[in-house]
Amino acid sequence: MRKFAADQLTKIISSISTPVYAPVEDGSMVVYDRYEDGMTLRLDKVGTDKTPKDILFPQWENLMHFRMEGKTIQLTEEERAKEDYVIFGVRACDIQAIKVLDRVFLADPIDTYYAARREHGTIVGLACGEPAKSCFCKNFGVDPAKPDADVVLWPAGDCWYCEAYTDKGRALMESWPTEAADEAAVETIKAEIAVKYDALPFAKLNLNGFDGDHLMEKFDSPKWKKLSMPCLGCGSCTFACPTCQCYDIRDYDTGNGIQRYRCWDSCMYSDFTLMAHGTNRPTQVERYRQRFMHKLVYFPSRNDGMYSCVGCGRCIEKCPMNLNIVKVIKALGEGDSND
Amino acid sequence: MTKETLVPVLGIVTDVRVDTPDVKTFRVNAVDGGKCFEHMPGQCAMLSIPGVGEAMFSITSSPTNKEFMEFSIKKCGCLTNWLHQMDVGQMITVRGPYGNAFPVEEDLKGQDLLFIAGGIGLAPLRSVINYVRANRENYGKVRIVYGSRTKEDLVDYPEIVNEWCQEAGIEVFLTIDQAQEGWDGHVGFVPAYVTELGFDPHGRVLVCGPPIMIKFTTQALLEMGFDKTQIYTTMELRMKCGVGKCGRCNIGDQYVCKDGPVFRFDQLGELPAEY
């Protein structure tokens, strides 16, 4: 275990030779953006408005370019990422979310656009000294006191404790002006985080029955209709979610050819599954059900029980109609420990 | 499979055949000749005209055709309208093959086969039928029930009449929805015709067509004594990636593009009927 004085933080970030993406203020929001001197770092912010997903799976990215001439087509692929970079200050839930994205994009056949970015990144995790009221990460096996990252930081007021867990992490930390630190001090911080987490309103939810074995039972529940009734289909939840990965592929005319790009899409939108003969999810009830069935039943059924919710609480903060996944878990869950 | 996810290869349209008033069959070759890639019957490919759109189509030709791939495409939207205006020589982009296939080398082998198709639903089955014809010794009796709205809507009628109907061991039953001049064959919907023909419940059945036709045909087959494990169909939902990542073609925890499009009816029965 190592530590460095709190006033060294921005110097350390500035000294990193590769681009660093960190939570910074952008107007009224806190987003992961390329850090430059003078920006306002917000490592204190739990549940940043946008997530580190932006770096690995950007809201839009070019895939390829076509030149059309008469009946012929010329195709030029977009170059894959080849520059190393660091994402600094990623919470345990958002790191779990990256593992969820890995399950999708690195599954056979590998998405090489994502894979290249993933490979070049080093992640500096950040323990949650002060979990927020909307947090419920431990329900999904996430420990807010111990992010699974290349380097992990623990806040301790006048100093930061830090430890590297991988070769990438050790290489990054090599030049940091750190000194040896007492392991016990970090254990105390972790214990304090655990106590704070346990006092949160959604600390313990009952996820019994959210698995492939109860797929039809959950799908057929009569509760979806009432649960989804207030949903506007705005898609805010999907865009704020660190694991939502549904995408669209679109083309636009650059005036000099056709650019094919990928952009985020949302299962909440009415045209998401629209085909020439209609759609198989005609109302918001089906669309709403799809989103939560995917996160809590379909995804774990395909991925060794791994949920594609990480308990970050952003959907609780962002939904204009106060809908969220906790309400769904409570409504459809089994037993009475949800009260 | 085309080497890179999402990155297509270029293909060239080498023949356009007008099959019906709204179906054309396009022959596609790689730019330097031959096929863009190999496939198995039932698999699909993403075709695109950059700037217009990209969509999933079943590969109509059999893999035993070593020279080219064929796609029978019904005009029903933006991209298909554009495709219907294409001439020979037009380049398109192709990626695939995607999805599973009909188990022609496993469960279907050695079996009597009953093919039931409605309208453009013949497109994916034609690949299997011609594969079976090319490997005739591996399969039992072949019966084909095919129906469409009018006689003009039967896709590639010449191949059906001049080749399939002429071959020993193949029986073809055609029907159209309503009586019309110049048609002395059967008139009526496919499910009713299947009931009327009354097949022995053995062998394997492959069904493809409009959802309503699949539904009633399956009911008819089950009433005849067929088991769900004997019946296969192929599904289609909106797709963007073709590789189980873009998140839109799932039925329950199954992705139609990756785990399908071919499903056995007992497997389909375990999934939500959201299709």
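1. A quick definition before the helices come up: two residues are in contact here if their C-beta atoms, placed from the backbone, lie within 7 Å. With that in hand, helix 5 of chain B (residues 211-223) lies across strand 7, strand 11 (204-208) and strand 12 (231-234). Against strand 11 of chain B, helix 5 runs at about 160 degrees. Bear in mind that this is a predicted model.

2. Helix 4 of chain B (residues 190-197) lies across strands 7, 8, 9 (170-176) and 10. Its angle to strand 8 of chain B is about 145 degrees. Strand 7 of chain B turns up in both lists, under helix 4 and under helix 5.

3. Now the sheet itself. These strands of chain B belong to an open sheet of seven, in the order 10-9-8-7-11-12-15, and the pairing is mixed. Strand 10 (186-187) and strand 15 (262-264) of chain B each have a single partner strand, so one side of each has no neighbour in the sheet.

4. For a look at one pairing, take strand 7 (residues 113-118) and strand 8 (residues 142-148) of chain B: they run parallel, joined over six bridges. Within this pair, B:Ala117 sits opposite B:Tyr146 of strand 8.

5. Stepping back, chain B has six helices and 15 strands. Its radius of gyration is 18 Å, close to the 19 Å from the globule rule for 275 residues, so chain B is as compact as a globular protein of that length. The C-alpha atoms of chain B fill a box of roughly 50 × 45 × 35 Å along the principal axes.

6. On packing, 52% of the 275 residues of chain B count as buried. Of the contacts in chain B between residues at least 6 apart in sequence, 70% join residues at least 24 apart.

Definitions and conventions
Residues are numbered from 1 along each chain as its sequence is written. Chains are lettered from A and ligands numbered from 1 in the order in which they are written. This is a predicted model: local features need pLDDT of at least 70, side-chain atom pairs count only at pLDDT 80 or more; totals for chains, interfaces and linings use all residues. Two strands pair if DSSP finds at least two bridges between them. Helices (H or I, at least four residues) and strands (E, at least two) are DSSP runs, numbered from the N terminus. Axes are lines fitted to C-alpha atoms, for helices over the stretch in contact, and angles run from 0 to 180 degrees between N-to-C directions. The radius of gyration is taken over C-alpha atoms; the globule rule is 2.2 Å times the number of residues to the power 0.38. A residue is buried if 20 or more other C-beta atoms lie within 10 Å of its own, exposed if 12 or fewer, and partly exposed in between; C-beta atoms are placed from the backbone.
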